[in-house]
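Here are some short exercises to work through with the model open beside you. Try each task before you read its solution.

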Amino acid sequence: MQAPVEPDQRPDVSHGDGDHDRFAHYVNKRDLERFRRKGTPVTALCGKRWKPDGDPSRYPMCPTCAELVADRIAGSLGS
Ligand SMILES: [Zn+2]
C-alpha cells in the first residue's frame with residue numbers, strides 16, 4: 001500500500017510571521033502574472049513570498065510595503 005498523504009495540514013493563518021497574510025502587499029506585476037499563469041508564489045516588496053488568494057482590498061496595507069513604496073516615490077521625485 002502506498003503511504004498516504006501526511007495528515008499534516010496546518011492552518012494558513014499562524015501567529016508568527018504568518019500575520020503578514022492579513023495585509024495587502026505591493027507585488028510586482030510580473031510576479032502576479034506569473035502566479036496567475038503558473039501558480040508561482042509572488043514576492044512582495046517587503047520580501048514576503050506567498051500565493052495570493054482572495055481580494056487584497058479586504059486587507060489593510062502592509063506597513064513595510066507602504067513604507068518602501070513611499071520611499072521609492074520620494075526617491076524618484078527627489079532626483
Ligand atoms: Zn508587505
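**Exercise 1. Find out how far residues 9–17 can be trusted.**

Step 1: Check the confidence. pLDDT (the predictor's confidence in each residue, from 0 to 100) stays under 50 over residues 9–17.

Step 2: Look at the contacts, meaning pairs of residues whose C-beta atoms, placed from the backbone, lie within 7 Å. For residues 9–17 the model has three contacts beyond four places in sequence.

Step 3: Draw the lesson. Where pLDDT is low, the predicted coordinates should not be read in detail.

Step 4: Set this beside the protein as a whole. Its mean pLDDT is 78, with 71% of its residues at 70 or more.

This is a predicted model, in which local features need pLDDT of at least 70 and side-chain atom pairs count only at 80 or more, while totals for chains, interfaces and linings use all residues. Residues are numbered from 1 along each chain as its sequence is written.

**Exercise 2. Work out the pattern of helices and strands.**

Step 1: Count the elements, which are DSSP runs numbered from the N terminus (helices: H or I, at least four residues; strands: E, at least two). The protein has two helices and two strands.

Step 2: Read along the sequence, and you get α-β-β-α.

**Exercise 3. Is helix 1 largely in the open, and why?**

Step 1: Recall the cut-offs: a residue is buried if 20 or more other C-beta atoms lie within 10 Å of its own, exposed if 12 or fewer, and partly exposed in between, with C-beta atoms placed from the backbone.

Step 2: Apply them. Helix 1 spans residues 29–38, and of these 10 residues zero are buried, so the helix lies largely in the open.

Step 3: Move on to G39, which follows helix 1 and has a positive phi, near 80 degrees. G39 is exposed because 8 other C-beta atoms lie within 10 Å.

Methods
Two residues are in contact if their C-beta atoms, placed from the backbone, lie within 7 Å.
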